[in-house]
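Dear colleague,

I am passing on the structure we spoke about, and below it you will find some notes on its aromatic side chains. Please read them with the structure open beside you.

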Amino acid sequence: MGKLSVNLCGIELENPVIPASGTFGFGYEFAELYDINCLGTFSFKGTTKDPRFGNPTPRIAECEAGMINAVGLQNPGVEKVIAEELPKLAKCFRKPVMANVSGFAVADYAYTCEKLDKEPQVGWLEVNVSCPNVHGGGMSFGTQPEAAAEVTRAVKKVTTKPVIIKLSPNVTDIVAIAKACEEAGADGISLINTMLGMRIDLNRRRPVIANKMGGFSGPAIFPVAVRMVYQVSHAVRIPVIGMGGVSTARDVIEMMMAGATAVEVGAANLVDPLASKKIIEDLPAEMAKYRIENLSDIIGIVE
């Protein structure tokens with residue numbers, strides 16, 4: 001059997017499969033279905049300084065080869081996440097977890113990251129400057145190199161753990177933004193978040209979700225994700241986490257060949273709650289098919 005382990009920003013993962021934020025709750029919900037310790041780790045639900053109810057409903061809709069969502073970062077706020085959610089997780093997950101953080105001002109990001117950085121369960125801080133589903137924040141920080149770098153510097157000043165900046169595909173030059181984050185001190189980059197999309201209900205003659213536009217995810221965006229992971233991983237010296245339409249073990253291998261050190265699984269978890277578990281189980285056979293002995297050997301192998 002091939003070796004599945006990889007090293008992500010100095011922390012060893014048993015395998016590179018990471019359920020993506022927003023698709024795996026705070027983990028303990030999925031622990032009722034299977035032992036989530038089989039995962040490399042997971043990125044928990046996007047957390048903000050203050051509680052958020054999120055966007056009006058309807059806010060999720062299926063479409064061909066994917067889905068559109070505009071949940072709007074619904075979460076109980078960082079204080080409750082620390083007081084209530086992390087203790088529940090500690091009962092069923094023994095590995096370091098990835099904390100996903102969003103904000104509406106640079107100070108918000110810094111406050112939330114500083115709080116979560118002190119939690120022993122948190123191994124990495126995944127700082128989301130790429131959410132397309134909220135107004136007055138989120139993606140606005142991820143569309144300009146200077147703004148993304150400003151968030152990165154602010155978070156790095158108040159944290160000790162690896163900071164991974166999550167980037168948006170809804171930009172003209174993803175490489176420039178990634179390099180700005182690296183120069184500002186980021187320890188890693190994760191990409192891509194959802195693409196901005198929209199569908200219209202022909203009978204009702206109005207958008208299918210109340211927010212009108214939302215994040216488009218699922219298998220349809222996989223080629224875009226592979227392209228951007230390739231571009232960024234070959235332009236920076238820090239690790240890249242790839243995501244976007246990943247649904248099979250083969251997708252994981254392709255993403256790693258493009259340059260990803262680890263791979264997040266998003267919408268597939270909402271289609272099949274066992275998706276990440278099945279991908280991990282399928283990896284050894286897929287590795288054997290392509291004569292791969294160690295997954296870490298194929299990271300960025302495509303020139």
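In this model, which is a predicted one, Arg-59 lies over the face of Phe-53, at a distance of 5.8 Å from the ring centre. A second contact of a charge with a ring involves Lys-49, whose charged end sits over the ring of Tyr-111, 5.0 Å from the centre of that ring.

Turning to rings that pair with one another, a search of the whole structure finds four aromatic pairs. In one of them, the rings of Phe-24 and Phe-42 have their centres 5.2 Å apart and their planes at 50°, and the pair therefore counts as tilted, since that angle falls between the 30 degrees under which planes are stacked and the 60 over which they are edge-to-face. This pair links distant parts of the chain, 18 residues apart: Phe-24 belongs to the loop between strand E3 (17–19) and helix H1 (28–31), whereas Phe-42 belongs to the loop between H1 and strand E4 (60–63). Both Phe-24 and Phe-42 are buried.

Phe-26 and Phe-44 form another tilted aromatic pair, with 5.4 Å from centre to centre and 45° between the planes. Here too distant parts of the chain are linked, with Phe-26 in the loop between E3 and H1 and Phe-44, 18 residues apart from it, in the loop between H1 and E4. Phe-26 is buried, as is Phe-44.

Finally, ring pairs link Phe-24 and Phe-42, together with Phe-30 and Phe-93, into a cluster.

With best regards

Notes: Residues numbered from 1 in each chain as written. Predicted model: local features only at pLDDT ≥ 70, side-chain atom pairs only at ≥ 80, totals over all residues. Heavy atoms only, no water. Phe/Tyr/Trp six-rings, centres within 6.5 Å; stacked < 30°, edge-to-face > 60°. Helix = DSSP H or I, 4+ residues; strand = E, 2+ residues; numbered from the N terminus. Buried < 20%, exposed > 50% of the residue type's maximum accessible area, 1.4 Å probe, protein only. Lys NZ or Arg CZ within 6 Å of the ring centre and 35° of its normal.
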